[in-house]
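Here are some comments on the model, set out as numbered points for discussion. They take up exposure, aromatic contacts, charges and the surface in turn.

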Amino acid sequence: MENWYRKYRQEGNYFPKRRGGSKKKIDLEKLKEYVKETQDMTLKKAAQEFGVQLVTG
């Protein structure tokens, strides 16, 4: 039996399963507040403050 047909019989549709994405590492509201309060911040400082790694390309 074809895979697409088996999927249709089991799930009732042909749609692919949703894939999990990465979770946001930073609370965007906290970041907005940080940017407002820290006008002289650098990207490196912000990354340290929020505990994320700064990746440059």
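1. A residue is called exposed when its relative accessible area is over 50%, and buried when that value is under 20%, with partly exposed in between. The model under review is a predicted one, and in it Lys44 has a relative accessibility of 55%, which is why Lys44 counts as exposed. This lysine belongs to helix H3, which covers residues 43-50. Lys44 and Leu54 are separated by 10 residues in sequence, while their C-alpha atoms are 6.6 Å apart in space.

2. On aromatic contacts, a search of the whole structure returns 1 aromatic pair. Its members are Tyr34 and Phe50, whose ring centres are 5.5 Å apart and whose planes make an angle of 90°, an arrangement that is edge-to-face. Because Tyr34 sits in helix H2 (residues 28-37) and Phe50 in helix H3, the pair ties together parts that lie 16 residues apart in sequence. Tyr34 has a relative accessible area of 14%, and therefore it is buried, the cut-off being 20%.

3. How many residues of H2 are buried? Of the 10 residues in this helix, the number buried is 1, so H2 lies largely in the open. At the N-terminal end of H2, Asp27 acts as a cap, with a side-chain oxygen placed 3.0 Å from the backbone nitrogen of Glu29.

4. Glu29 also takes part in a salt bridge with Lys32, in which the closest N and O atoms are 3.7 Å apart, and the count of salt bridges in the structure is 1. Both partners, Lys32 and Glu29, are exposed. Since Lys32 and Glu29 are 3 residues apart in helix H2, about one helical turn separates them. As general background, an α-helix has 3.6 residues a turn, so residues three or four places apart point the same way.

5. Which residues make the nonpolar surface patch? Trp4, Tyr5, Tyr8 and Tyr14 form this patch, which has an area of about 460 Å². One of these residues, Tyr8, is located in helix H1, which runs over residues 3-11. The relative accessible area of Tyr8 is 36%, and because this value falls between the limits of 20% and 50%, Tyr8 is classed as partly exposed.

Notes
Residues numbered from 1 in each chain as written. Predicted model: local features only at pLDDT ≥ 70, side-chain atom pairs only at ≥ 80, totals over all residues. Heavy atoms only, no water. Helix = DSSP H or I, 4+ residues; strand = E, 2+ residues; numbered from the N terminus. Buried < 20%, exposed > 50% of the residue type's maximum accessible area, 1.4 Å probe, protein only. Phe/Tyr/Trp six-rings, centres within 6.5 Å; stacked < 30°, edge-to-face > 60°. Patch = residues over 30% accessible without salt bridge, like charges linked within 9 Å, V, L, I, M, F, W, Y side chains within 5 Å. Areas by Shrake-Rupley, 256 points an atom, 1.4 Å probe, with all protein chains shown as cover. Salt bridge = Lys/Arg side-chain N within 4 Å of Asp/Glu carboxyl O. Polar contact = N/O pair within 3.5 Å; in protein donor to acceptor, adjacent residues only side chain to side chain.
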